[in-house]
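The following exercises are meant to be worked with the coordinates open, each solution being given step by step after its task.

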Amino acid sequence: MSLAVHSGRMSAAAVRRDLLPRLRAAVAAIEADLRITDPAPGAPLGTATHR
């Protein structure tokens with residue numbers, strides 16, 4: 001996941017304060033979803049699919 005903001009529209013401090021917490025929460029939610037999946041039968045190790 002990535003984030004891009006034009007420096008003329010938002011300062012680095014504002015990005016850290018306002019957007020970084022939301023970005024971290026989104027990443028945590030995605031990681032939680034991935035933890036509940038199991039590999040598909042015959043799938044290479046390290047891969048997962050949704051059931």
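**Exercise 1: the salt bridge**

At 31% relative accessibility, aspartate 18 counts as partly exposed, a class that lies between buried (under 20% relative accessible area) and exposed (over 50%), with a 1.4 Å probe and protein chains only. The model is a predicted one, in which local features need pLDDT of at least 70 and side-chain atom pairs count only at pLDDT 80 or more, whereas totals for chains, interfaces and linings use all residues. Residues are numbered from 1 along each chain as its sequence is written, and side-chain values use heavy atoms, with hydrogens and water left out.

Task: determine which side chain meets that of aspartate 18 in a salt bridge, that is, a side-chain nitrogen of Lys or Arg within 4 Å of a carboxyl oxygen of Asp or Glu.

Solution: Begin with a search of the whole structure, which finds one salt bridge. Its partners are the side chains of aspartate 18 and arginine 17, at 2.9 Å from N to O. Finally, classify the partner: arginine 17 counts as exposed, because its relative accessibility is 56%.

**Exercise 2: the helix**

Task: check the span of helix 1 against its number of residues, and find where helix 1 bends.

Solution: The secondary structure comes to one helix and zero strands, where helices (H or I, at least four residues) and strands (E, at least two) are DSSP runs numbered from the N terminus. Helix 1 covers residues 12-35. The expected span is 1.5 Å times one less than the number of residues, so the 24 residues of helix 1 should span 34 Å, and the 32 Å between its end C-alpha atoms agrees with this. As a last step, locate the bend, taken as the angle between axes fitted to the seven residues ending at a residue and the seven starting there: it is about 45 degrees at leucine 19, and proline 21 follows within four residues.

**Exercise 3: the segment before the helix**

Task: establish which residues leucine 3 touches, not counting residues up to four places away in sequence.

Solution: Leucine 3 lies in the segment before helix 1, and it counts as partly exposed because its relative accessibility is 44%. With contact meaning heavy atoms within 4.5 Å, leucine 3 touches Val15, Leu19 and Leu23. For a C-alpha check, take leucine 20, which is 17 residues from leucine 3 along the chain and separated from it by 8.9 Å.

**Exercise 4: valine 27**

Task: decide whether valine 27 is buried, partly exposed or exposed, and find its C-alpha separation from methionine 1.

Solution: Valine 27 lies in helix 1, and its relative accessible area of 31% is why it counts as partly exposed. The C-alpha atoms of valine 27 and methionine 1 are 26 residues apart along the chain, yet separated by 7.4 Å.
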